[in-house]
Amino acid sequence: MEHLEHVTILLVEDDPGHARLIEKNLRRAGIVNPILLLDTGQKAVDFLFKKGEYAESEQTAPFLILLDLNLPVLNGFQVLQAIKGDPRLKAIPVVILTTTDNPHEIKRCYELGCNVYVTKPVEYEQFTESIRKLGLFLSIVRVPDRQ
Amino acid sequence: MKTKGKLTLIVGIIGAVLSLTAAFLAWNTIATYRLVDSVTPALELLTTLNEIQSKLHRQQHALAHFVISGEPASRQALITFRGEIDNTLQRLAEMAARLPARRDKRQEAVVADSNLLRAGYRLYLEKLESCLRAQKAGDSEAALRILDNEVTPYWEEELLVIPSRMAREESAEIRDIYREITLKLGALPWVAGSGLRQVTQASSGVDYEFAVSNTELGLHRQVNELSEFLLHAETQDWQEFWGHRFEMRRLFEDWHQVILRQRAMGIDGEDEDEKRFAGILAQYEALLPRMEQAVTIRVSLGRTAGLEYVEHHLMAPMDDQLFPALEGIGDDSREEIRALHEGLLRTVVAGSFAGLSAIVVFSILVVWLVSRMSNGIVNSLARLKEGTEVIKGGNLEHQITMPGGDEFSELAAAFNAMSLSLKEHNDELRSFVFSVAHDLRAPLVNLKGFSSELRSDLAAVMPVLLAASNSLAAEERGRVAAVLQQAVPEALGYIDSSANKLDALINAVLQLSRIDFRALDPELVDSEALAQATLLTFAHTLKEKNITVSLGPLPAVVADRLLLEQCFANLVDNACKYQVPGRIGELSLTAEQTGDEVIFYFMDNGRGIAPDDIPKVFEIFRRVGAPDTPGEGMGLAFTKALVRLQGGRIWCESVLGEGSTFCLALPGGGAPDRSA
C-alpha cells in the first residue's frame, strides 16, 4: 500500500479549461501529486495498456484515475469498462468526474465498477467546493501498489 | 353521413329492390292465374256455341222432314229442339254475362252477339211458324215454298253465321290467352319448365276439342246439304253435297293431325284417342254408301221416299251412335283440358310460392350478410379510431390489434409501423436535444470558472497593482485604476450574467426534454380544489398587482395531479405577468364539458396578443409584445408540452389591448359520469 504522495493522478478530460480548473482546485486543496492529463478516452486506454504512443513508457508509480464521461474516440464508459474488465488494472481506483447528473448514468457507472462518482457543478462556487472536498478526500485515500 | 348510416341505406335499397321484384313476380303470378282461369269459361262458351249450331242444324233438318212428311213425330222433334235451343240460348246469355272482363271489351261483344243470336232465332221461329201454319192448312207446296224462299235462306245466311262467327272469335280468343300465358310464364322462371309443358298440352287439348266439334258440325252440314238435294233434286245442291265429302275428309284429317301432334309431344292416352277416332271414321265411312243410296232413292222413287230413307237409315244411326260417340269424345276432351288447367294452376301457385319464398330467404340472407359486413367495417373503423386516439394521446408505442387479415388489419399494421417510426424519430430528436443541451454546459463551466478565477486573481493582485501604480503619472494611474476597478469588473459582470442567462436557457431545454421521460400517474383530480391551492401560492403576487380572481365551479377530471398543477401555475403566472398598467387586473377561471373533452378557460384583461403573434406564444424562448417583463419565454412552451403529454390541447384566443383567454382541453368526459 502506498501513500498518496507516490501516486500519479491520471486526469482523463477532453476540455482543457475543465482540466485546468480541476487541477487548480485540487492544488488549492493541498494535492501535490503529479497530474497527468489525457484528453481522449483512447489515450487513457493506450496509456494504461501500454499501447500506441505509450508502448515504450515507463510506469512505476501507482495511479488514481479521474475520468470524465463525455470523451472523444472512446467515451468514459468504454474506458471504465476496459479498466474494470482487466485483471491487472481493475484495482486502480477510478473517480468519475463529470457534468452529468443523470441517475441512469450514475447507476451504470457503479455497475461497471467505478469507485466514486462526483458531479461537476456548473456554478463555479459549487464547483470549487466539490473539487476541494474531492481533494481532501483523495488526500486520505490509499491506493494499491502496482503489480 | 357516417359509414354506418350509408351502409344501412344500402341495405334498405337492396331490401326495397328485392321487395319490388317479389311484388312484380307476385303480380305476374296472379295475372297468370287469372288468365288460366279465364280459359275455362271461354271453352264452355265455345262448347255451348257448337251445341247451338248443332241443334240449329237438327232443327232445320227436322223442319224439312216435317214439311215433306207431315209426320207428328218430326213435329214433336221440332218442339223439343225449340225448347232445347231456348234453354241453350238462355245459358249462353248467362254465360256471357258471367264472363270475366277481358281485353278489347270482349265480354260486351259476346253479350251483344248472344242478344243478336236470340233476336235472330226469334225471327227464324216466326218464319218457321208461318211455314208450319201453311203445312197445317194442308198446303204442302206453300209450306215448301216458304221453307225454300224464307226459312232456309235466312237460316243459312243470317242465323247460322252468328254462332259460327262467335265460335271463330272465341277460339281465336282462347289461342290468344294461351299465347299470353306462355309469355307470362316466361317471367316466372321457376314455373316455366313444367308450366310451359302443361300450357302446350292444354292448348293442344283445345285443338283436339276444336277438331272434334268441327267434325260434328261438318256432319250436320253434310246431312243438311243432302236434305237440300232431296227436296229439289237440283244439280247444284248435289254438287254441294258431293263436294262436302272432301270437306269432311279434310276435317277428319285435321283431327288426326292433332292426335299425331299430341303423340309426338308424348302425351299419354293417344292410343285410346286414335282408336276412338278410327271408330268414328269407320262409322262415318259406313254411312257414306247410305247417303249415295238416298240420292238414288230420291232420283228413282221421289222426294218423300228419299227423306224417309235418310230419316231411318241415316239420321237414326247417327243419333244413336255417331253423335253420342262424338259428344262423349268432346266431353272427355274438355274434362282432360279442365284437369290440365287445374294442374297448371297448381304448378303456378306452388311455383310462385316457392319462388317468393326463395326471394324472401335470399333477401334476408343478403340483408344479413350486408349488415354483418357493415358491422364488421364499422367495428374495424371504431377500433382504428380508438387506437389512433391513444396514439394521438402520446402513447406512440400503442399497437392497434386488428385480426382478420383484411384491408383493415393492413391499415392497422401501417398505423402501427407509422407510430413506431414516429416514436423512433421522436426518441432520436429527444436524445439529440438532451445531449446538445448537456454538451452546452461544459463550456459554460469554463466561462463561469475562469471569470471567477479572473475576479479572484484580480482581487488578489489589486492592492499590489494599485500601490505600484502610485509611481506612475497621475493620468496613467487614473487609466490603470479605471481598467482594474471599472472596465475589467464590468466585463466580468457581463460574462457572468451572459453565462447565467445561457445556463438558465439550457436548464429550461433540459427540463423540457425531460418531461417526456416522466411516467404519467393519472388519477381523479378535483380541479377546483387544485386551482384554489394554486391561487393560494400566488396570493402575494395577486395582491401586489391588484388582480381580482373569480373561480367558477370546476369539474373533477382524470389527470396527472402534478402536471395539472404545473399547468395551472404557469397559466396563472402568465396572466399575472402581462397586466395593463393602471387597469385593475381580472382573472377568471371557468370550465366547460364539451363532447369528450373538459376545457378550462383562463381569461384575463391584460394587454392581449396581436393575431400574428398568437401561435408564437407557445414556442420555446419566444416572447411577444413589449420586452418589459422578466422571464425566459419558457412557461407556455413548458405548459404546452405538459398538456400534450396528457393527451390534451392548449390554444389561445386574444384581442390586443383587451385581454387573452388561454384554453386548456383535457381528454375524457365528465369524470363523475365516466368513473361511475
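Buried, as I use the word here, means under 20% relative accessible area, exposed means over 50%, and partly exposed lies in between (1.4 Å probe, protein chains only).

**Entry 1: a threonine in chain B**

I looked up B:Thr534, which is found in helix α12 (residues 527-537) of chain B; helices here are DSSP runs of H or I with at least four residues, strands are runs of E with at least two, and both are numbered from the N terminus. Because its relative accessibility is 5%, B:Thr534 counts as buried. Leaving out residues up to four places away in sequence, I find B:Thr534 touching B:Glu565, B:Phe568 and B:Ala569, where contact means heavy atoms within 4.5 Å.

For the record, this is a predicted model, in which local features need pLDDT of at least 70 and side-chain atom pairs count only at pLDDT 80 or more, while totals for chains, interfaces and linings use all residues. Residues are numbered from 1 along each chain as its sequence is written, chains are lettered from A and ligands numbered from 1 in the order in which they are written, and side-chain values use heavy atoms, with hydrogens and water left out.

**Entry 2: the pair α14(B) and α15(B)**

Two packed helices are described by the angle between their axes and the distance between the axes. For helix α14 (residues 561-577) and helix α15 (residues 635-645) of chain B I noted an angle of about 150 degrees and axes 9 Å apart; axes are lines fitted to C-alpha atoms, for helices over the stretch in contact, and angles run from 0 to 180 degrees between N-to-C directions. The two helices are therefore roughly antiparallel to each other, a label for angles over 145 degrees, with under 35 counted as roughly parallel, 65 to 115 as roughly perpendicular and the rest as oblique. The crossing of α14(B) and α15(B) is left-handed, that is, the near helix is turned anticlockwise from the far one by less than a right angle, whereas clockwise would be right-handed.

Which residues of α14(B) meet α15(B)? They are B:Leu563, B:Gln566, B:Cys567, B:Asn570, B:Leu571 and B:Asn574, and on the α15(B) side they meet B:Gly635, B:Leu636, B:Phe638, B:Thr639, B:Leu642, B:Val643 and B:Leu645. By class, this contact has 8 nonpolar, 5 polar and no charged residues, with Ala, Val, Leu, Ile, Met, Phe, Trp, Tyr, Cys and Pro counted as nonpolar, Asp, Glu, Lys and Arg as charged, and the others, Gly among them, as polar.

**Entry 3: what encloses α15(B)**

I then checked burial along α15(B): 8 of its 11 residues are buried, so this helix is largely enclosed by the rest of the structure. The buried residues include B:Ala637 and B:Ala641, and what covers the buried residues includes α11 (474-515), α14, β6 (649-655) and β7 (659-667) of chain B. Just after α15(B), B:Gly647 takes a positive phi of about 80 degrees.

**Entry 4: the hairpin of β6(B) and β7(B)**

Strands β6(B) and β7(B) run antiparallel and are joined by 7 bridges; two strands pair if DSSP finds at least two bridges between them. They form a hairpin with 3 residues between them, and B:Gly657 in the turn has a positive phi of about 90 degrees. The bridge partner of B:Arg649 in β7(B) is B:Ala665. Along β6(B) the side chains alternate, with B:Ile650, B:Cys652 and B:Ser654 buried on one face, while B:Arg649, B:Trp651, B:Glu653 and B:Val655 point to the other and are not buried.

**Entry 5: chain A**

Chain A has 5 helices and 5 strands, and along the sequence it follows the pattern β-α-β-α-β-α-β-α-β-α. Its open sheet of 5 strands has the order β2-β1-β3-β4-β5, with parallel pairing, and the edge strands are β2 (35-38) and β5 (116-119). Neighbouring strands of this sheet are turned by 20 degrees against each other on average, direction ignored. Buried residues make up 49% of the 147 residues in chain A.

**Entry 6: two positive phi values**

Most residues other than glycine have a negative phi. I noted that A:Val73 has a positive phi of about 65 degrees; A:Val73 lies in the loop between β3 (63-67) and α3 (76-84) of chain A, and at 64% relative accessibility it counts as exposed. B:Ala233, with a positive phi of about 55 degrees, is found in the loop between α6 (189-232) and α7 (235-265) of chain B and is partly exposed, with a relative accessible area of 34%.
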